[in-house]
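Visitor: I should like to take a close look at one part of this model, namely the way its helices pack against one another. Please begin with a single pair and then follow the packing outward.

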Amino acid sequence: MDPTRAFMTDVKRLIVKVGTAVVTRHDGRLAVGRLGALCEQLKELNSHGYEIVLVTSGAVGLGRQRLRYRKLVNSSLADLQNPPVELDGKACAAVGQNSLMALYDTLFSQLDVTSSQHLVTDTDFRNDSCRTQLSETVKSLLALKVIPVFNENDAVSTRRAPYEDSSGIFWDNDSLAGLLATEVKADLLVLLSDVEGLYSGPPSDPGSKLIHTYIQEKHQAEITFGDKSRLGRGGMTAKVDAAVCAASSGIPVVITSGYATDNIIKVLEGKPVGTLFHKDAHLWTSVKEVSAREMAVAARECSRRLQTIKSEDRRKLLLGIADALQANESSIMAENAADVAAAEAEGYEKALISRLALKPGKASIC
């Protein structure tokens, strides 16, 4: 287990948010296979005592695809020659929500899991009594091992673009998931996307690297975001904003791929999957990372300086280093374990990983 994710063993209540790009295929139809794998993961976790709330996108995209098909079927040749008219998003949401929830209900029922539907808007969170009742209802359902399924009620929502405003409530399903995590005091929020996690640049760029742990002081100014999601509202920018907000409230967040069939389970096992957001992440590693070349040059210079001092002074210095290594052996082993886990995740050869790994007692000086 990655030492920085050891807290996963204490997770009991989690929020899982699945994006439009995961719920639907490129042609707008439902990705039934991915949704089936998602429901199977949630079923397994539910049977092991985890309390799960699912926040799902996809209603607008699904509704748009169905309405376009219906319009095409009912169109005459003259109608087809006219420029296409953009469908109303709220009508799409109303049509798509029905189909989306019907599929979730069918999939969960086949797995002997009971689910419930919750459509919410800003109004539900502006009223204190409604907000309290919502939280109490969710907690009651979780106690009954029911999986509540949330979605923003776009069909009646009065929100207009730009969606993020000064209301301080929520502006998409990513921020809704973060808000729900705070409201029900979740132990973890998992945001499922169509990429492996947060990259230093657009995922399609060969030079972009996956960020395993997000440190705001370091990464905020370094990341270059690509285009928004092909179907959703905000893309990775919205996910990072929601993750940073939730993490600052004390709720850890992991952004990872929803295409894999077991990523949620891997996250809960403490494996280095996706990108972790944690309020204490800045304490785990230096904000300013030193390159391998800089470390090599520094080691060479220090070695040269070591050779110029008296033998007795050199002996005292080396014994001091030995004492420091022994005193900090546990933290050194923990950092090494994290390095090994990262190397395994990157697909390094076993021979290289074996050379990287430290064995207990290696820091001891005979």
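Visitor: Are helix 2 and helix 5 roughly parallel or oblique to each other?

Guide: The model is a predicted one, and in it helix 2 and helix 5 are oblique to each other. Their axes cross at roughly 50° and come within 10 Å. Angles under 35 degrees count as roughly parallel and those from 65 to 115 as roughly perpendicular, so a crossing of roughly 50° is classed as oblique. The crossing in which helix 2 passes helix 5 is right-handed. On the side of helix 2, the contact is made by V32, L35, G36, L38, C39 and L42; helix 5 contributes L103, Y104, L107 and F108. By residue class, this contact divides into nine nonpolar residues, one polar residue and no charged ones.

V32 deserves separate mention in this contact. The residue belongs to helix 2, which spans residues 32–47, whereas helix 5 covers residues 89–110. V32 has a relative accessible area of 44% and is therefore partly exposed. Its C-alpha lies 9.4 Å from that of L107, although the two residues are 75 positions apart in sequence. Contacts between residues distant in sequence also figure in the chain as a whole: of the contacts with a separation of 6 or more, 74% join residues 24 or more positions apart. The wider setting is a protein chain of 366 residues, of which 42% count as buried, with a secondary structure of 15 helices and eight strands.

A second pair, helix 8 and helix 10, may be set beside the first. These two helices pack at an angle of about 15°, and their axes are 8 Å apart. Helix 8 and helix 10 are therefore roughly parallel to each other. Here too the crossing is right-handed. In this contact, D174, S175 and G178 of helix 8 meet G235, A238, K239, A242 and A246 of helix 10. The residues involved comprise three nonpolar, three polar and two charged. Charged residues thus take part in the contact of helix 8 with helix 10, while the contact of helix 2 with helix 5 has none.

Two of the residues named in the contact of helix 8 with helix 10, D174 and K239, are also joined by a salt bridge between their side chains, at 3.7 Å from N to O. D174 lies in helix 8 (residues 173–183) and K239 in helix 10 (residues 235–248), so the pair ties together parts that are 65 residues apart in sequence. Because its relative accessibility is 4%, D174 counts as buried. K239 is likewise buried, since its relative accessible area is 7%. Side chains of opposite charge can pair when their charged atoms come close.

K239 leads onward to strand 5. S193, which lies in strand 5 (residues 188–193), touches K239 as well as V22, M236, T256, S257, G258 and Y259, leaving out residues up to four places away in sequence. S193 is itself buried, with a relative accessible area of 7%.

Helix 8 also carries L176. This residue counts as buried because its relative accessibility is 0%. Beyond its neighbours within four places in sequence, L176 is in contact with V55, V120, F125, N151, E152 and F170. One of these partners, E152, is 24 residues away in sequence, and the C-alpha atoms of L176 and E152 are 7.7 Å apart.

The salt bridge of D174 and K239 belongs to a set of 12 in the structure. Another joins D122 and R126, with 3.5 Å between N and O. In contrast to a link between two helices, both residues here lie in helix 6 (residues 122–126), four residues apart, or about one turn of the helix. D122 is buried because its relative accessibility is 12%. E269 and K271 form a further salt bridge, in which the closest N and O atoms are 3.3 Å apart. Each of these two residues has a value of 39%, and so E269 counts as partly exposed, as does K271. Finally, K12, R13 and E51 are linked in a network of salt bridges.

Note on methods:
Residues numbered from 1 in each chain as written. Predicted model: local features only at pLDDT ≥ 70, side-chain atom pairs only at ≥ 80, totals over all residues. Heavy atoms only, no water. Salt bridge = Lys/Arg side-chain N within 4 Å of Asp/Glu carboxyl O. Buried < 20%, exposed > 50% of the residue type's maximum accessible area, 1.4 Å probe, protein only. Axes fitted to C-alpha atoms, helices over the stretch in contact; angles between N-to-C directions. Parallel < 35°, antiparallel > 145°, perpendicular 65-115°, else oblique. Left-handed = near helix turned anticlockwise from the far one by under 90°. Contact = heavy atoms within 4.5 Å. Nonpolar A, V, L, I, M, F, W, Y, C, P; charged D, E, K, R; others polar.
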